[in-house]
Amino acid sequence: MIFSAADHEYMTRALRLAERGLYTTTPNPRVGCVLVKDGQIIGSGWHEKAGEPHAEVHALRAAGEAGVAQGATAYVTLEPCSHHGRTPPCADALIAAGIARVVCAMRDPNPLVAGQGLDKLKAAGIAVESGLLEVEARELNIGFVSRMTRGRPWLRLKIAASLDGKTALRNGLSQWITGPDARRDGHAWRARSCAMLTGIGTVRDDNPRLNVRDVETTRQPLRIVVDSRLEIPLDAAILADGNALIACAVKHPEKTLRLKEQGADVVLLPNANGKVDLPALMQELGRRGINEVMAEAGLKLNGSLLRELCVDELLIYQAPMLLGDAAQGMADLGELVELAEATRLNILERRSVGADFFLRARLT
């Protein structure tokens, strides 16, 4: 399908609008909408928060009184919904407004929609086209797409390391390997995540809060601790506001009760080795509506997440320093005897962040 330069311009605007919901729409996707009539934008909007009006409704309201949008084109970054959820179907709103053409970036992977929204629009006589800037739209909602198609969130593993790939000294000291600009950049990734994940070792050694501090946001991510033996101290900083989930592998009724009294949730997910079943944890998070997870952990949990194929993307911040062979590495992957066994990566992004270097990669 061939789209005009104007189509690209308006969809780009819609995508920029969708990005405004980067930190707030969970568990819903980030969606933007631009209404154009006679070559002029008459209304625009984005989905701001789950339970509130969707992007199309905001755009129609911005267009003003009834009849203004008659004959207009709607540029939407995701297929308009066709089902009743917490809000009415957006496809119905576009039909009622007399929209003549709908251009969407991508079909909705949600089985409740999955083409039905576009079919409803077509049945109403509206010209429908899809696939414009689809790659960009998919990237913006990669976690939502993952949850809808795989039943699990998109997991990013964030690592701060020296140039020789070390994350901490042998004695555990790691603050601060990277500089303030890199840490601020990392908080932006935290802010867009639905949840932060770490291990009990990191909780014991560093007592992190794992909240968003350097980026303005109205929502703090859920904090998840992988704690096989349920050893987390009740005064751990990560439990401070109750927005925590502890994944364990043993039953401990008294400790579980104490944690729940503090507002935390506990889920029992043992594997055959008496550890937390990490793939099962990913599925559990999917059931809870978690789209994107960022893990900040030590080399043991990092290695387990990689070995058990839970990691989708790596965010690596490297500082211009060398810590030597005795320091701790990025991930415990065991000893390899052939290069064919190496974990292969596809580099997506390289850039400088202050004095440090940032690399984003995906597993091939």
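Mentor: Let's start with a term: a helix here is a DSSP run (H or I) of at least four residues, numbered from the N terminus. Keep in mind that this is a predicted model.

Trainee: Okay, what makes residues 278-287 count as helix α10?

Mentor: The run covers residues 278-287, and the cut-off is at least four residues, so the run qualifies as a helix. Right after α10 comes Gly289, whose phi is positive, near 80 degrees.

Trainee: Which residues of α10 are buried?

Mentor: Those are Leu278, Leu281, Met282, Glu284, Leu285 and Gly286. It helps to know that an α-helix has 3.6 residues a turn, so residues three or four places apart point the same way.

Trainee: How do you know that Asp277 caps the N-terminal end of α10?

Mentor: Look at the distance: a side-chain oxygen of Asp277 lies 3.0 Å from the backbone nitrogen of Ala280. A polar contact needs N or O atoms within 3.5 Å, so this pair makes the cut.

Trainee: Now the other end of the chain. Why is Ile2 called exposed?

Mentor: Its relative accessible area is 80%, and exposed means over 50%, so Ile2 gets that label. Ile2 is in the segment before α1. Its C-alpha atom is 9.9 Å from that of Gly131, though the two are 129 residues apart along the chain.

Trainee: And why is Glu313 called buried?

Mentor: Buried means under 20%, and Glu313 has a relative accessible area of 1%, so Glu313 is buried. You'll find Glu313 in strand β13, residues 313-319.

Trainee: What makes polar contacts with the side chain of Glu313?

Mentor: Two arginine side chains do: Arg156 at 2.8 Å and Arg360 at 3.3 Å. Both values are within 3.5 Å, so both pairs pass the distance test. Beyond four places in sequence, Glu313 also touches other residues, including Trp154, Trp189 and Leu348.

Trainee: How many disulfides does the structure hold?

Mentor: There are 0. Remember that a disulfide is a covalent bond between the sulfur atoms of two cysteines.

Trainee: How do you know that Cys90 is too far for a bond?

Mentor: The closest cysteine sulfur, in Cys81, is 3.7 Å away. The cut-off is within 2.5 Å, so Cys90 and Cys81 don't make a disulfide. For Cys248, the closest cysteine sulfur is in Cys310, 17 Å away, so that pair fails too. Both cysteines are buried: Cys90 has a relative accessible area of 1%, and Cys248 has 2%.

Trainee: What about the nonpolar core: which residues touch the most other members?

Mentor: Met11, Leu35, Ile99 and Leu121 do, in the largest core of 41 residues. Helix α1 gives the largest share, 6 residues. There is a second, separate core of 31 residues, with Ile224, Ala247, Val276 and Ala295 among them. In general, nonpolar side chains of soluble globular proteins tend to be buried together.

Trainee: Which residues is Met11 in contact with, leaving aside neighbours within four places?

Mentor: Among them are Tyr75, Val103, Cys104 and Leu133.

Trainee: Last one: how do you know that β4 and β5 pair?

Mentor: DSSP must find at least two bridges. β4 and β5 share 4, in the parallel sense, so they count as paired. One of the bridge partnerships joins Arg101 to Ala127 in β5. Together with α4, the two strands make a right-handed β-α-β unit.

How values were computed:
Residues are numbered from 1 along each chain as its sequence is written. This is a predicted model: local features need pLDDT of at least 70, side-chain atom pairs count only at pLDDT 80 or more; totals for chains, interfaces and linings use all residues. Side-chain values use heavy atoms; hydrogens and water are left out. A nonpolar core is a set of buried Ala, Val, Leu, Ile, Met, Phe, Trp, Tyr and Cys residues joined through side-chain atoms within 4.5 Å. Buried means under 20% relative accessible area, exposed over 50%, partly exposed in between (1.4 Å probe, protein chains only). Contact means heavy atoms within 4.5 Å. A polar contact is a pair of N or O atoms within 3.5 Å; within protein, one must be able to donate a hydrogen and the other to accept it, and residues adjacent in sequence count only if both atoms are side-chain atoms. A crossover is right-handed if, with the strands pointing away from the viewer, the path from the first strand over the helix to the second runs clockwise.
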